[in-house]
Amino acid sequence: MKFFADTAEIDDIRELAETGLLDGVTTNPSLIAKSGRDFMEVTKEICGITDGPVSAEVVALDHETMMKEAEILRKIADNVCIKVPLTIDGLKTCKALTGDGTMVNVTLCFSANQALLAAKAGATFVSPFVGRHDDNGFDGMDLIRDIRLIYDNYLFDTEILVASVRHATHVLESARIGADVATMPPKVIKALANHVLTDKGIEGFLADWAKTGQSIL
Ligand code: E4P
């Protein structure tokens, strides 16, 4: 299962990349606004930190303008993945871009039928938003289960990129279901390493080690 960082904060991305656990990055217009950085500049900088896919989202709503925006975005770096919304124009743009070898992430997916359309449009990734799904009284993980079943039924290559991840349980369930990728805020990725018994174990081992009076270095 691949881990993407869902952020445009350079320091966080760099720190995660240094752990060797980072497989890519996703951004969206809200994350770019939060970073306070220039879209093109920050995307280029992120693409230089990771070799993995870096999602950069178009903001146009019609196919022709989406194509023009994608043309500019894909020149930023070879690992840019064009993010398009799950609309008919977005799907048309997805088909056109993947047809000539550009990676595409179809975002704002909230139903299994939408995910089926994304796969038919040749999407590299589909992004179902589990957190926002939960917020609205649905079960986000049921959506991931349905998409996995449908993609396996027809051997679609589109990768399920679980998005809007809020906590470690979303990640655990995604892994159980067999989602291909989870994109997470950096704090969620780091929280996966936490366990009270790990901390307690380290404390006990170090206390006993101190009694030996030895050192490794
Ligand atoms: C990722 O591609 C999405 O843009 C992101 O996960 C949305 O998360 P949010 O629902 O926390 O804004």
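Start with K83. A side-chain N or O atom of K83 lies 2.6 Å from an oxygen atom of the ligand. Keep in mind that this is a predicted model.

Two more side chains to look at. D6 places a side-chain N or O atom 2.6 Å from a ligand oxygen. For S164, the distance from a side-chain N or O atom to a ligand oxygen is 2.7 Å.

How much of the ligand's accessible area does the protein cover? On its own, the ligand has 340 Å². The protein covers 84% of that.

Now the surroundings. The residues around the ligand are D6, T26, N28, K83, F129, R132, A163, S164, R166 and T183. So D6, K83 and S164 belong to this shell. Sort the shell by class, and you get 4 charged, 4 polar and 2 nonpolar residues.

And where does the ligand sit? Its space is the largest pocket.

Next, the aromatic rings. The model has 4 aromatic pairs. Take one of them, F4 with F125. Their ring centres are 5.7 Å apart. The planes meet at 75 degrees, and over 60 counts as edge-to-face, so that is the class of this pair.

Which parts of the chain does the pair link? Distant ones. F4 is in strand β1, residues 2–6. F125 is in strand β6, residues 125–128. The two residues are 121 residues apart in the chain.

To recap the ligand site: K83 at 2.6 Å, D6 at 2.6 Å, S164 at 2.7 Å, with 84% of the ligand's own accessible area covered by protein.

Technical notes: Residues are numbered from 1 along each chain as its sequence is written. This is a predicted model: local features need pLDDT of at least 70, side-chain atom pairs count only at pLDDT 80 or more; totals for chains, interfaces and linings use all residues. Side-chain values use heavy atoms; hydrogens and water are left out. A residue is near a molecule or strand if one of its heavy atoms lies within 4 Å of it. A polar contact is a pair of N or O atoms within 3.5 Å; within protein, one must be able to donate a hydrogen and the other to accept it, and residues adjacent in sequence count only if both atoms are side-chain atoms. Accessible areas come from the Shrake-Rupley method with a 1.4 Å probe; for residues, only the protein chains shown count as cover. On a 1 Å grid over the protein atoms alone, a cavity is a set of points where a 1.4 Å probe fits but cannot get out, and a pocket is an open set with protein on both sides within 12 Å along at least five of seven lines; lining residues have an atom within 4 Å of a point. A molecule sits in a cavity or pocket if more than half of its atoms lie within 2 Å of its grid points. Ala, Val, Leu, Ile, Met, Phe, Trp, Tyr, Cys and Pro count as nonpolar, Asp, Glu, Lys and Arg as charged, and the others, Gly among them, as polar. Rings of Phe, Tyr and Trp (its six-membered ring) pair if their centres lie within 6.5 Å; planes under 30 degrees apart count as stacked, over 60 as edge-to-face and the rest as tilted. Helices (H or I, at least four residues) and strands (E, at least two) are DSSP runs, numbered from the N terminus.
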